[in-house]
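Let's take a friendly walk through this model, from its sheet outward to the helices. Have the viewer open and follow along.

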Amino acid sequence: MRKRSHRVRAVVALAAAAVLGLTGCDPSGDGGSRSTGARPSPRPAPVWNTSPRSIAAVGDSITRGFDACHVLSDCPEVSWATGSDARVDSLAVRLLGAAGAGLHSWNYAVTGARVSDLAGQMAQAAQQSPELVTVMIGANDACRSSAAAMTPVATFRARFQEAMDTLREAQPRAQVYVSSVPNLKRLWSQGRTSPLGKEVWKLGVCPSMLGDADALDTAATKRRDKVQARVKAYNRVLEEVCAKDRRCRFDGGAVFDFRFGTDQLSHWDWFHPSRNGQARLAEIAYRTVTAKDPVT
């Protein structure tokens with residue numbers, strides 16, 4: 001009987017162990033999974049934050065709101081990136097609110113800036129430790145005294161990479177939104193219908209594209225086509241350099257593709273964005289920054 005009793009207890013123990021194993025319960029009977037003694041790994045933070053809490057802008061006259069309020073003058077309050085004008089509803093206001101934008105956004109863009117100036121602007125922006133940096137650069141590299149004077153593509157690439165490296169050295173976790181260069185040839189086609197705009201162009205606004213605005217001969221057409229091709233090449237550079245950085249988003253060519261009309265152009269020079277045009281740029285930036293996935 002003693003041997004039989006031992007056999008019965010052994011069978012019961014084995015059955016209990018099997019039941020516990022099948023149900024995934026531990027012997028304490030609390031209904032939870034068996035503890036392995038290790039804490040669950042925390043979820044990794046997403047690489048791209050769709051709600052950055054501070055913004056610094058770098059770039060050229062478009063980001064300074066040039067000619068949007070007064071002739072041949074900056075108007076940063078209507079900047080698509082950091083402006084305070086309610087009619088523009090800038091990227092900073094959309095992300096941070098009006099009060100937050102006033103405290104936590106900075107505009108280091110400079111009218112007339114080219115890509116060679118970008119590293120210096122990035123160094124200034126990095127001092128604020130922004131969570132997001134917006135970049136719009138390249139129009140002035142194409143808008144030179146002549147098509148021959150445009151920044152070479154290889155130089156453009158090297159200088160843009162230098163600017164990104166400057167930011168990364170100081171702020172490795174800062175996010176970067178990169179706008180494509182606008183379609184300068186479309187801006188010429190829209191603005192050339194304005195006598196006032198063409199007079200302002202004669203003061204030196206983008207001569208490589210806008211010079212001899214009414215000329216349609218072979219030489220003028222080839223010149224404009226060369227500028228257009230260079231803008232497209234700059235956009236490829238911006239996209240390729242940005243793609244190598246996991247915290248950088250290019251707009252996918254959205255600004256280049258945007259069909260600026262007369263309502264979106266400054267009625268001073270018919271070339272730079274008006275308030276309405278700045279608002280459209282803010283919309284494009286906001287969509288790109290807040291999208292779950294980058295534009296492809």
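**From the sheet to its helices**

Start with E1 and E2: these strands run parallel and are joined by three bridges. At this pairing, Ala56 is found opposite Trp106 of E2. Keep in mind that the model you are looking at is predicted.

Now widen the view. E1 and E2 belong to an open sheet of five strands, ordered E2-E1-E3-E4-E5, with parallel pairing. At its edges lie strand E2 (105–107) and strand E5 (248–250), each of which pairs on one side only. On average, neighbouring strands of this sheet are turned by 15° against each other, direction ignored. As general background, the strands of a sheet pair through backbone hydrogen bonds, either parallel or antiparallel.

Next, look at the helices that lie across these strands. Helix H2 (residues 91–104) lies across E1, E2 and E3, and runs at about 90° to E2. H5, in turn, lies across E3, strand E4 (175–178) and E5, running at about 155° to E4.

Finally, turn to helix H3 (residues 118–126). Which residues of H3 are buried? They are Leu118, Ala119, Gln121, Met122, Ala125 and Ala126. Viewed down the axis of H3, these buried residues fall within an arc of 160°, so they line one face of the helix. A general rule helps in reading such a pattern: an α-helix has 3.6 residues a turn, so residues three or four places apart point the same way. And what do the buried residues of H3 pack against? Their partners are strand E1 (55–59), strand E3 (132–136) and helix H5 (153–170).

Technical notes:
Residues numbered from 1 in each chain as written. Predicted model: local features only at pLDDT ≥ 70, side-chain atom pairs only at ≥ 80, totals over all residues. Heavy atoms only, no water. Buried < 20%, exposed > 50% of the residue type's maximum accessible area, 1.4 Å probe, protein only. Helix = DSSP H or I, 4+ residues; strand = E, 2+ residues; numbered from the N terminus. Arc of directions from axis to C-beta. Contact = heavy atoms within 4.5 Å. Pairing = 2+ DSSP bridges. Axes fitted to C-alpha atoms, helices over the stretch in contact; angles between N-to-C directions.
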